[in-house]
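Visitor: I would like a close look at one part of this model, namely how its packed helices and nonpolar core are put together. Please go slowly, and explain each term as you come to it.

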Amino acid sequence: MASLHAHATAAPTLPQKLLRLNWPLVVLITLVAAIGFAMQYSVAEGNLDPWARRQMIRFAVSFCGMLVVAMIDIRFWHGSAYLFYGVSLALLVAVEVAGTVGMGAQRWIEIGPLRLQPSELMKIALVVALARYFHDLNPRNVRHVLTVLPPLLMIAVPAALVVKQPDLGTAVLLASGGIVIMFLAGVSLWFFAALAAGMGGLVYAVFASRGQDWALLKPYQYNRIAVFLNPELDPRGAGYHITQSKIAFGSGGMTGEGYLKGPQSRLDFLPEKHTDFIFTVLGEEFGLVGCVFLLCVYVGVLLFGMLTALRIRHLFGRLVAMGVCMTFFAYFAINMAMVMGLAPVVGVPLPLVSYGGTSMLVILFGFGLLLSAQVHGAVAFPRLSPFALLWPIRRG
Amino acid sequence: MPLPPKSRTEHDRSVFSRRALVLFGAQGALAAGLGARMYHLQIVEGAHYAARAERSRIRPSLLAPVRGHIVSRDGTPLAVNSHNYRVVLYREDADDVERTLDRLAEIIPIPPLRRKALLEEIGRTRAFLPVVLAENLKWEQFAEVNANAPALAGIAPELGFTRHYPEAGYTGHIVGYVAAASERDVARAGDDGPVLKLPGMRIGKMGVERVEEPALRGKAGLSRIEKDVHGRPIRELERREGTKGDDLRLTIDLDLQKYAMQRMGDESGAVVVMDIYDGDILALASTPGFDPNGFVLGWSTKDWVALRDAEKRPLHNKAVSGLYPPGSTFKMVVALAAMHLGIAGPGHSVFCNGHIELGSHRFHCWKRGGHGMMDLHEGLKQSCDVYYYDIAKRIGIDRLAEVARKFGIGVLPEIGFIDAKEGLMPDKAWKRARRDEPWHPGETLHAGIGQGYMLSSPLQLAVMTARIANGGYDVQPRLVRERNGERIKARSLRGIGIDRAHIEAVKRGMYGVVNERGGTALRSRIAMAGHEMSGKTGTAQVRRITMAERTTGVLKNDELPWNQRDHALFVAYAPADDPRYAVSVVVEHGGGGSSVAAPIARDVMLKLQFPTEVPDGAIPNGAAPVFVARDDDGSEDA
């Protein structure tokens with residue numbers, strides 16, 4: 001304990017911090033990214049351009065960013081959590097007002113040369129903000145009914161904005177990430193029971209409203225659900241993506257067609273093959289062996305992330321770490337389920353493998369926070385953090 | 001009152017750890033579920049999806065087989081494949097069909113009506129199947145389409161084959177023609193249906209092209225082409241060439257066929273020449289002819305209407321489907337029936353006073369005043385109607401019909417032509433079934449001179465003559481002599497059960513018809529020993545001669561409108577002493593058999609026996625000169 005205490009008090013030097021990093025986790029993350037490069041190279045029919053090279057550059061930049069974030073004291077992130085959340089929320093609103101419509105939805109905002117997807121930023125921002133909220137909360141009050149209202153609001157507002165874009169997938173991801181934080185923070189199980197009942201009611205309302213003038217979802221969203229439930233409904237239209245994806249994926253068999261040889265993806269039968277459907281290409285080229293390998297690597301990242309979280313001595317760090325892990329899990333699970341026809345096509349990328357700047361940046365930023373929490377796992381938080389005034393109930 | 005810091009942290013951590021474990025367990029379960037799904041898709045259903053993947057990227061396409069050629073007996077091409085430059089459209093490759101057609105129209109004119117029909121066809125055809133937009137293009141047009149291919153999305157220039165008939169009008173009825181398969185053709189073809197729908201694929205609609213369709217068509221090949229989602233071919237994975245259709249050599253002697261067609265001139269009718277032993281049809285002329293190439297390239301409306309509505313019916317193959325009362329050419333069969341049944345031997349004689357009474361009816365001989373005493377030989381030679389009325393009455397219709405069928409009268413010849421007719425040899429059962437009336441004895445008398453209900457085709461008359469000439473064997477006509485260079489064996493002949501001696505008696509009578517004084521076809525005799533012709537004239541009445549007309553005098557043919565004149569018939573075989581060929585000639589509404597049909601038969605028999613030049617003295621002095629064929633190389637004017 002003495003040594004731990006010493007760590008907490010005497011600020012460690014930068015090399016010490018680097019040494020302390022959870023390197024197995026970093027290696028696993030890099031491995032996933034490397035698989036991504038290989039797949040981007042493959043879908044471009046054995047070319048670095050247009051995707052693989054840019055993906056590598058983005059990873060290199062984001063990776064450095066991750067290390068920088070990891071080196072910054074976790075208390076700084078704790079302090080700026082609400083600010084981060086506020087900025088992300090503002091950007092979401094901005095997207096609503098002045099966003100670029102892409103793929104049938106308002107998702108991007110252009111700031112100079114940067115093309116930003118605020119909904120991606122919000123995934124991490126929400127995790128951090130909720131972690132801060134529960135960290136600052138008096139544990140006695142954590143079971144108080146009223147204390148669940150602010151986090152619910154913090155989740156509902158961005159989720160509603162994202163639904164309006166419309167991006168149902170990201171909204172579900174945000175909401176589930178937020179609720180998991182609440183769960184880990186120790187909110188009463190009764191709350192979750194009530195929530196489940198509420199969700200059931202909402203689902204019922206959604207389906208009941210179909211075709212009414214108060215329809216809760218857009219027709220294409222209903223279509224996606226209907227086609228998800230029965231893809232054969234429309235093999236040339238809405239079900240086409242899923243059907244083609246399943247055909248290409250299933251045709252991989254045990255060991256696949258071989259790298260750079262996936263004929264379905266090669267011949268353009270696959271839509272979005274470099275982004276959302278990259279896993280199908282992997283399935284076609286490497287078969288079950290390749291798919292299970294990637295799944296294991298992902299679960300490995302998750303496992304290392306969680307073990308790291310359990311060793312963190314402050315609630316903020318633990319919640320951030322678990323939140324990042326949960327977000328990461330939600331990404332790959334939803335994407336895989338989607339391309340294998342288990343979930344509707346909702347536009348969630350395969351983390352670190354799909355081509356895409358914002359999601360890579362956000363995921364590595366998240367892992368940066370996780371690592372920061374790990375490196376600074378034993379720091380003592382001030383009694384009142386600088387931005388804690390937003391909620392009066394204080395720790396201690 | 002705050003809890004001690006340590007215990008609070010402990011509490012926090014234990015709740016967190018428990019819940020984190022629950023969460024991780026849930027995530028692990030979900031990940032395992034994903035793994036199970038992978039296993040299900042890739043292993044359990046892997047083969048199914050692999051097959052579907054194969055299907056969606058590999059397009060098997062049929063390769064049209066090359067149609068077999070048809071040549072005449074001496075090897076002259078009658079039906080060949082010539083190059084066909086055509087342009088097809090694949091709808092799935094065309095962004096905008098209308099615009100593509102607009103652009104194509106700048107190179108190849110597409111009239112509005114044609115355009116409308118094309119758009120309909122394009123709409124009907126499945127997107128990845130081609131639709132022929134234009135065919136038989138000139139090379140210049142084809143090259144221009146090729147050069148502009150990048151601007152013509154969905155258009156593919158193709159080199160195909162088109163059927164060509166070099167001998168055009170001379171062999172139209174025999175060779176027939178091909179045309180695009182109809183929906184019914186496709187349905188009937190079963191497994192071969194898809195082949196028939198290939199662009200440029202044609203199916204035989206008439207003649208040998210139709211009879212031998214399965215053999216001529218050949219077997220389609222298969223090409224498996226890997227295509228991308230847009231239908232663009234990437235590469236050919238496999239190519240199995242089809243099998244070319246059989247090449248056929250017909251029994252038709254083209255020179256003789258041309259000669260017969262020309263010899264008929266403007267007359268409407270038919271000439272059939274047949275080998276009496278192997279059944280080879282050497283000529284099967286039906287006039288007027290038509291050019292089958294018109295069906296391949298398309299008729300203009302005007303030409304088509306003219307052809308379809310012509311009084312002399314050029315599209316009708318009169319040699320196999322024209323039905324005429326055989327008239328006196330049937331008398332040999334009546335005589336044979338009488339002898340066969342033991343009713344009247346060669347010595348049986350009848351006195352002809354110009355008519356015979358039966359009940360209240362009077363049946364006239366063609367010769368007013370009568371022939372006097374007639375026996376079988378004279379009766380045949382002079383074609384005495386009364387003699388045959390007499391013996392037919394004794395035979396009775398049913399027994400006459402039975403013998404007639406042995407000679408192929410009223411029986412469908414085995415030539416396979418879809419339009420071949422079986423004619424009509426009436427009997428009591430037929431009349432009861434068809435007309436629900438009893439048979440009148442007087443009708444037997446009409447049948448005895450080949451009139452009344454009786455109908456037969458020129459081909460049947462040739463078969464009848466051949467069976468007499470060969471001594472009573474069941475020869476059948478055939479048109480195909482060789483298949484892919486392999487000779488087809490002639491059917492072995494079987495006797496039809498008629499006594500040879502009876503046949504010889506009839507043959508002597510037929511010799512008399514042409515070669516003896518008093519014979520009805522004496523003027524058409526061949527005077528060269530060893531080449532003589534034996535035959536029988538016939539004149540088939542088309543209208544009924546009324547009692548009133550008989551008293552005022554029967555109208556001459558010249559006085560009647562064309563379509564009420566008598567049909568002129570003649571059947572013959574040669575050489576008389578050692579026969580080899582049988583011929584039948586029918587000239588529709590031509591007048592008398594002796595004056596019109598017999599000279600044609602004589603000329604054809606001379607051409608047969610002296611293909612290059614008829615020697616002096618082959619015909620007697622004073623006879624009509626032998627017709628000399630024009631040498632026009634075959635195509636026009638036929």
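Guide: What follows begins with chain A as a whole, then turns to two helix pairs, the core, and two unusual backbone positions.

Residues are numbered from 1 along each chain as its sequence is written, while chains are lettered from A and ligands numbered from 1 in the order in which they are written. This is a predicted model, in which local features need pLDDT of at least 70, side-chain atom pairs count only at pLDDT 80 or more, and totals for chains, interfaces and linings use all residues, with side-chain values resting on heavy atoms and leaving out hydrogens and water.

Chain A contains 16 helices and three strands, where helices (H or I, at least four residues) and strands (E, at least two) are DSSP runs numbered from the N terminus. Of its 396 residues, 57% are buried, a word that here means under 20% relative accessible area, against over 50% for exposed and partly exposed in between, with a 1.4 Å probe and protein chains only. The surface that chain A exposes comes to about 16100 Å², with carbon and sulfur atoms supplying 70% of it; such areas come from the Shrake-Rupley method with a 1.4 Å probe, and for residues only the protein chains shown count as cover. When the contacts of chain A between residues at least 6 apart in sequence are taken together, 73% of them join residues at least 24 apart, a contact being a pair with heavy atoms within 4.5 Å.

Now to the helix pairs. Two packed helices are described by the angle between their axes and the distance between the axes. The axes are lines fitted to C-alpha atoms, for helices over the stretch in contact, and the angles run from 0 to 180 degrees between N-to-C directions. In the pair formed by helix H4 (residues 52–71) and helix H16 (residues 357–375) of chain A, the angle is about 25° and the axes are 7 Å apart. H4(A) and H16(A) are therefore roughly parallel to each other, since angles under 35 degrees count as roughly parallel, over 145 as roughly antiparallel, 65 to 115 as roughly perpendicular and the rest as oblique. The crossing of this pair is right-handed: a crossing has that name if the near helix is turned clockwise from the far one by less than a right angle, and is left-handed if the turn is anticlockwise. From H4(A), the residues that meet H16(A) include A:Phe59, A:Phe63 and A:Met66, and among those they meet on H16(A) are A:Leu361, A:Leu364, A:Phe367 and A:Leu371.

The second pair is helix H7 (residues 118–136) of chain A with H15(A), packed at an angle of about 150° with their axes 8 Å apart. That angle makes H7(A) roughly antiparallel to H15(A), and the crossing in this pair is right-handed. Among the residues making the contact are A:Ile124, A:Val127, A:Ala131 and A:Phe134 of H7(A), together with A:Phe316, A:Leu319, A:Val320 and A:Tyr331 of H15(A).

The largest nonpolar core has 128 residues, of which A:Phe134, A:Phe279, A:Met336 and A:Phe367 touch the most other members; a nonpolar core is a set of buried Ala, Val, Leu, Ile, Met, Phe, Trp, Tyr and Cys residues joined through side-chain atoms within 4.5 Å. Its largest share, 19 residues, comes from helix H15 (residues 315–339) of chain A. Apart from neighbours within four places in sequence, A:Met336 is in contact with A:Phe279, A:Leu294, A:Leu295, A:Tyr298 and A:Leu350, and also with B:Leu34 and B:Met38 of chain B. Another core, of 94 residues, lies apart from this one, and B:Met274, B:Tyr324, B:Ala404 and B:Ile498 are among its members.

Two backbone positions complete the picture. Most residues other than glycine have a negative phi, and most peptide bonds are trans. A:Leu352, although it is not a glycine, has a positive phi of about 70°; this residue lies in the loop between H15 and H16 of chain A and counts as buried because its relative accessibility is 2%. The peptide bond from A:Asp49 to A:Pro50 is cis, with omega near 5°, and A:Pro50 is placed in the loop between helix H3 (23–43) and H4 of chain A.
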